[in-house]
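Open the model in the viewer and keep the sequence panel at hand. The tour starts with the whole chain and then moves through a few selections.

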Amino acid sequence: MVSREDVAERAGVSSMTVSRVISKKGYVSEKTRIKVEQAIKDLNYIPNKIAQNLVSQKSNVIAMIVQDITNLYYMQLLEEMIEIVNQQGYTVSLYCIADGDMNRILDDIISNHPIGIVNMALFSCEKKYYDLFRTSGVRTINFDVQTSCMLHIDYEPAMSAAMKLLKSTGHRHPVYLAGLKEDIGQSDDRIKLYEKMAGEFGYGSFGKHILFGQYPDQKALTEGYRLMNELLSKETERPDAVFCLNDMMAIGAIRAARDKGLNIPEDISVIGCDGVNLAEYLPIKITTMKLDIKSQAKKYTEYILGTTANNQLNLTPVLKIGESVRLK
């Protein structure tokens, strides 16, 4: 294991200087601090206190990391997990990563001796943490395929059903309101599947129109509103159906369309994804590719608590028809 002395030697400073940089106590020049931080990164050094916290006796805490705390999908998943593990004497703590600094969040989590970590954010972490999780026996979900349990969601049946519904009801111009930052969205399974099926169902170049945005830096709800408003403000042929990355974006998109004086679904149909409970209680029930969130929570908790060794979890959403798609 890399020691503090190794870092000091690499940076050409004393061990005391390394300690000051790590603890952020005592004076260290900016130039020296940068050298020490680079040496820590190069050597994948984990301060002893952090490493010892993980290998010591663990608590009854499961940590869950999210980026958009306003996305009700995450809150519903959290609620389901809490309900399951509370009966067994465990608890779930929620961590929101708003600045992309996964390492800082993980350091905070480690100080609470977790038995497992569920990563629902769109960030991963440095390799040193993977090694630490593996050697300490902390069970992780959605970090990397080598050391973590991974969730695979097969959207194809639900996406196919949605495309068939649109085709059978005379929709001609669908678009996909992705909302994600483009560098992230390029690898998203939902977006790639939509592009593929838009071609297969004969929607051509118009149907393959993808609107990227600033999610998760911006909230899904507000990105849905902003992008739909932007889409409807263009002097181009208006889409008659919009697929949304998730239900929160769909809610924002519906509000933007109505603010433009359009009716849902008569003027434009909207399809969401996830199946959050709120979507069923709105004035217009959202048609959505619905996940079994209760089953997802059960799979996560079973893996973390060691009642299953399966490190590949699979879910298949189904199309739940609401009132946001024109049916004739």
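Begin with the charged side chains: the chain carries 39 positive and 40 negative ones, and the centres of the two sets lie 1 Å apart. The model is a predicted one.

**Whole chain**

Show the chain as a cartoon. It contains 14 helices and 12 strands, and its C-alpha trace spans about 75 × 45 × 35 Å along the principal axes. Of the 328 residues, 49% are buried. Turn on the surface: the accessible area is about 15,500 Å², with 48% of it belonging to carbon and sulfur atoms. Among contacts with a separation of 6 or more, 72% are between residues 24 or more positions apart.

**Stop 1: Thr 288**

Select residues 287-290, which form strand S10, and pick out Thr 288 within it. Is Thr 288 buried or exposed? Its relative accessibility is 2%, under the 20% cut-off, so Thr 288 counts as buried.

Now show the side chain of Asp 247: it makes a polar contact with the side chain of Thr 288 at 2.7 Å. Add the backbone of Cys 273, whose nitrogen lies 3.1 Å from a polar atom of the Thr 288 side chain. To fill in the surroundings, select the residues that Thr 288 touches beyond four places in sequence: Asp 247, Gly 272, Cys 273, Asp 274, Gly 275, Val 318, Leu 319 and Lys 320.

**Stop 2: strand S5**

Move to residues 150-153, strand S5. Side chains in a regular strand alternate between the two faces of the sheet. In S5, Leu 151 and Ile 153 make up the covered face, while Met 150 and His 152 make up the uncovered one.

Which strand pairs with S5, and in what sense? Select residues 312-315: this is strand S11, and it pairs with S5 in the parallel sense over 4 bridges. For one position along this pairing, label Ile 153 and Leu 315 of S11, which stand opposite each other.

**Stop 3: Thr 17**

Go to helix H2, residues 15-23, and select Thr 17. With a relative accessible area of 16%, again under the 20% cut-off, Thr 17 is therefore buried. Display Ser 14 as well: the side chains of Thr 17 and Ser 14 make a polar contact at 3.0 Å. Finally, add Val 28, Thr 32 and Val 36, the residues in contact with Thr 17 once neighbours within four places in sequence are left aside.

Terms used
Residues are numbered from 1 along each chain as its sequence is written. This is a predicted model: local features need pLDDT of at least 70, side-chain atom pairs count only at pLDDT 80 or more; totals for chains, interfaces and linings use all residues. Side-chain values use heavy atoms; hydrogens and water are left out. Helices (H or I, at least four residues) and strands (E, at least two) are DSSP runs, numbered from the N terminus. Buried means under 20% relative accessible area, exposed over 50%, partly exposed in between (1.4 Å probe, protein chains only). Contact means heavy atoms within 4.5 Å. Accessible areas come from the Shrake-Rupley method with a 1.4 Å probe; for residues, only the protein chains shown count as cover. Lys and Arg count as positive and Asp and Glu as negative; His and the chain ends are not counted. The place of a charge is taken as NZ of Lys, CZ of Arg, CG of Asp or CD of Glu. A polar contact is a pair of N or O atoms within 3.5 Å; within protein, one must be able to donate a hydrogen and the other to accept it, and residues adjacent in sequence count only if both atoms are side-chain atoms. Two strands pair if DSSP finds at least two bridges between them.
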